[in-house]
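I am opening my notebook on a new structure today. Come and look over my shoulder while I go through it.

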Amino acid sequence: MKEPVYYSGSAKFFDTHAHIYARKFDADNTTTEDILQRCRTSGVTSVLIPADNERTSRLAVEMANKYDGFEGVKLYASVGVHPHEAKTYTEDTEKYLRDCLEARREQKIMALGEIGLDYYYDLSERSVQKEVFEKQLEIAKEYDVPFILHERDATGDCLDILRRFYKEGRLRSLPGVCHCCSCSVEAASELVKMGFYIGFDGPLTFKNNKKTPEVALNTPWDRIVIETDSPYLTPEPNRGLTNEPCHVAFVCQKLAEIKVVTIDEAARITYDNGKMLYGVN
Ligand SMILES: [Zn+2]
C-alpha cells in the first residue's frame, strides 16, 4: 500500500466537513485519537463533523463534545438528514433535530446537515427527498442556523427550491455551504449571490477534473471553504488511501495554485470563512 504524504508547513486549516465517526476508520484500525493527533501535526486546528441521519447526528454530537480540544483541535458538529436517508425521516426525527437545535450552543451543534437532493444514487424517492429537504430548510430558518447542502445531479430542482425560499425571505443572509461543490460555474455563482459558501475538497485535485478548478477560480475568495469529506474523496497525492482531515492541506494547496496565492494566504482566508460560515471563533 502507498505511504501517505503529510503537510509539514506552518499554515493552520479548518476542515469544514469530515465524517470522522465513519466505520471505515474502525475497519482501518484508526482511532479518533490517531486522527486528531495527525490533525495537530498537519496544522488542522478546527474540524466540523457533519451528519447524514439520526444515528450519525448522535455520533457527531457525541464525538464533538467528547474530543473537543484533544491535541488542540476544536471540534463542532451538525445534525440533519441527508437526501439518501430522506425515507427514514419521521416526526420523531424532526423532534430529535429540534431538540438538538434548542440546545445547540451547549452541544457544539453549529449547523443543520447534510440536507439536499441526490439524483445520482436516488436512494430515496425524489418526491420524498424534496419534501424532507424543504422541511429541514424551514427548520434552519426557524432556528437561524446555517445548513450544509448536499447536491448531486439535482442542480435544477435544488436551485428551484432555494430560489423560492430566497425570494420569500426564508433563507438567512448567509444560508450555508454548498458542500463538495460539483455544479457548474453558473449554478455556483447563483448560489454565491444567494449568500452561500462553496466547499471544495479532494475532487479539486483530481487530474481529470477540469470543471471544479474553474468553479473555484470564479468563486470570490470570501465565499470559499475547504473540506475533506473524510473518509471519502482523498485528495492527491494521497488518492486511494482513506481520507482524514489532515489531508485538507492538499485541497488548500491546490486552491492556492488556482488562485495564485501562497498556501498560507489560502489557509488564512478559508479558515476565517469557515468561522464566519459556522459562527465560531
Ligand atoms: Zn459529507
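Below are my entries on the sheet, the metal site and the salt bridges.

**Entry 1: the sheet**

I noted at the start that this is a predicted model. I then looked up how the strands are arranged. I found an open sheet of 8 strands in the order β1-β2-β3-β4-β5-β6-β7-β8, and the pairing is parallel. Its edge strands are β1 (13-15) and β8 (224-226), each of which pairs on one side only. I also looked up the twist: on average, neighbouring strands of this sheet are turned by 25 degrees against each other, direction ignored. A reminder to myself: strands of a sheet pair through backbone hydrogen bonds, either parallel or antiparallel.

**Entry 2: strand β4 and its neighbours**

Next I picked β4 and checked both partners. On one side, 3 bridges join β4 (residues 109-118) to β3 (residues 74-79), and the two run parallel. Here I found Ala77 opposite Ile109 of β4. With β5 (residues 147-152), β4 pairs in the parallel sense over 6 bridges. In that pairing, Gly116 has His150 in β5 as its bridge partner.

Is β4 mostly covered or mostly open? I found it mostly covered, with 10 of its 10 residues buried. I also looked for a helix packed here, and α3 (residues 54-67) lies across β2 (44-49), β3 and β4. This helix α3 runs at about 160 degrees to β3.

**Entry 3: the zinc ion**

Which residues coordinate the zinc ion? I listed His17 (NE2), His19 (NE2), Glu114 (OE) and Asp229 (OD), at 2.1 to 2.3 Å. The angles among the 4 donor atoms go from 87 to 176 degrees, and the site is irregular. I worked out why it misses the tetrahedral label: four donors need all angles between 85 and 135 degrees for that, and the angles here reach 176 degrees.

Along the chain, the donors follow the spacing H-x1-H-x94-E-x114-D. His19 sits in the loop between β1 and α1 (23-27) and Glu114 in strand β4, so this pair ties together parts that are 95 residues apart in sequence. I checked the burial of the two as well: His19 and Glu114 are both buried.

**Entry 4: salt bridges**

How many salt bridges does the structure hold? I noted 20, and I looked up a few of them.

Glu244 forms one with Arg38, with the closest N and O atoms 2.9 Å apart. Glu244 is in the loop between β8 and α10 (248-259) and Arg38 in helix α2 (residues 32-41), so I was looking at a link between distant parts of the chain, 206 residues apart. I count Glu244 as buried because its relative accessible area is 7%, and buried means under 20%.

The side chains of Arg98 and Glu142 also meet in a salt bridge, at 2.7 Å from N to O. Arg98 belongs to helix α4 (residues 91-102) and Glu142 to helix α6 (residues 126-143), so the pair ties together parts 44 residues apart in sequence. Arg98 is partly exposed, at 22% relative accessibility.

My next pair stays within one helix. Arg163 and Asp160 form a salt bridge with the closest N and O atoms 3.0 Å apart. Both lie in helix α7 (residues 155-167), 3 residues apart, which is about one turn of the helix. Arg163 is partly exposed at 29%, and Asp160 is partly exposed at 43%. Last, I found a network: salt bridges that share partners join Glu265, Arg268, Asp272 and Lys275.

Technical notes: Residues numbered from 1 in each chain as written. Predicted model: local features only at pLDDT ≥ 70, side-chain atom pairs only at ≥ 80, totals over all residues. Heavy atoms only, no water. Pairing = 2+ DSSP bridges. Helix = DSSP H or I, 4+ residues; strand = E, 2+ residues; numbered from the N terminus. Axes fitted to C-alpha atoms, helices over the stretch in contact; angles between N-to-C directions. Contact = heavy atoms within 4.5 Å. Donors = N, O, S within 2.8 Å, 3.2 Å for Na, K, Ca; no water. Tetrahedral: all angles 85-135°; square planar, octahedral: opposite > 155°, others 65-115°. Buried < 20%, exposed > 50% of the residue type's maximum accessible area, 1.4 Å probe, protein only. Salt bridge = Lys/Arg side-chain N within 4 Å of Asp/Glu carboxyl O.
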